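Please consider the protein shown below, together with its sequence. The account that follows leads from the sheet to the helices and then to the charged side chains.

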Amino acid sequence: MDKNKKLQSKRLRRRRHVRNKLRGSADQPRLCIQRTLKHFACQVVDDQAGTTLLSASTRDKTVRDQVKAGGNCDAAALVGKLVAEKAAEAGVKTVKLDRGHNKYHGRVKAFADAAREAGLQF
């Protein structure tokens, strides 16, 4: 098996393993994370209604001006703070963190810590 196919299948297995335990609802939606080499993004999703309530990314104009590079811990922390502020405006207080296939360290941990400090509970 090709090395990239093997890595992709492992990621898919981990993502499904994490996602099977998490289902977002109206009172506690799912906060899913997308991490690439250059950017960091997240969405707050209500799985029962099938809607995205809000999102934040390093591609947003407000964040793009404040960070030098989008693929580091500082940028992820800024996105975490921004998503917590947007969630407070939307009336969302608690969420379930869906880290996907990513390990809980580095940018994911910086994002989660910043979101918790800004008032989001998970």
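The paragraphs below take up each of these parts in turn.

The coordinates come from a predicted model. A suitable place to begin is the sheet, which is open and consists of four strands in the order β3-β2-β1-β4, with mixed pairing. Strands β3 (51–57) and β4 (96–98) occupy the edges; each has a single partner strand, so one side of each is left without a neighbour in the sheet. On average, neighbouring strands are turned by 20° against each other, direction ignored. Strand β1, formed by residues 30–35, runs parallel to β4, and three bridges join the two. Within this pairing, Leu31 stands opposite Leu97 of β4.

Two helices may now be added to the picture. Helix α3, residues 73–90, lies across β1, β2 (40–46) and β3, and its direction is at about 145° to that of β3. Helix α4 comprises residues 107–117, and its buried residues are Arg107, Val108, Ala110, Phe111, Ala112, Ala114 and Ala115. What do these buried residues of α4 pack against? Their partners are the strands β1, β2 and β4 together with helix α3. Just after α4, Gly119 adopts a positive phi of about 115°.

The packing of the two helices can be described further. The axes of α3 and α4 are 7 Å apart and form an angle of about 35°, and the crossing of α3 past α4 is right-handed. On the side of α3, the contact is made by Cys73, Ala76, Ala77, Val79, Gly80, Lys81, Val83 and Ala84, while α4 contributes Arg107, Ala110, Phe111, Ala114 and Ala115. By character, the residues of this contact divide into ten nonpolar, one polar and two charged. Several of the α4 residues named here, including Phe111 and Ala114, are among those that are buried.

The charged side chains form the last part of the description. Side chains of opposite charge can pair when their charged atoms come close. How many salt bridges does the structure hold? There are four salt bridges. One of them brings together the side chains of Arg30 and Asp98, with an N to O distance of 2.8 Å. This pair links distant parts of the chain, since Arg30 belongs to strand β1 and Asp98 to strand β4, 68 residues apart. Are these two partners buried or exposed? Buried means under 20% relative accessible area. Arg30 therefore counts as buried at 10% relative accessibility, and Asp98 likewise counts as buried at 0%.

Helix α4 carries further salt bridges. The side chain of Asp113 meets that of Lys109 at 3.4 Å, N to O; both residues lie in α4, four residues apart, about one turn of the helix. Asp113 also forms a salt bridge with Arg116, where the closest N and O atoms are 3.7 Å apart. Asp113 and Arg116 are three residues apart in α4, again about one turn of the helix. The residues of these pairs are partly exposed: Asp113 has a relative accessibility of 28%, Lys109 one of 37%, and Arg116 a relative accessible area of 37%. Elsewhere, salt bridges that share partners join Arg30, Asp47 and Asp98 into one network.

Methods
Residues numbered from 1 in each chain as written. Predicted model: local features only at pLDDT ≥ 70, side-chain atom pairs only at ≥ 80, totals over all residues. Heavy atoms only, no water. Pairing = 2+ DSSP bridges. Axes fitted to C-alpha atoms, helices over the stretch in contact; angles between N-to-C directions. Contact = heavy atoms within 4.5 Å. Buried < 20%, exposed > 50% of the residue type's maximum accessible area, 1.4 Å probe, protein only. Left-handed = near helix turned anticlockwise from the far one by under 90°. Nonpolar A, V, L, I, M, F, W, Y, C, P; charged D, E, K, R; others polar.
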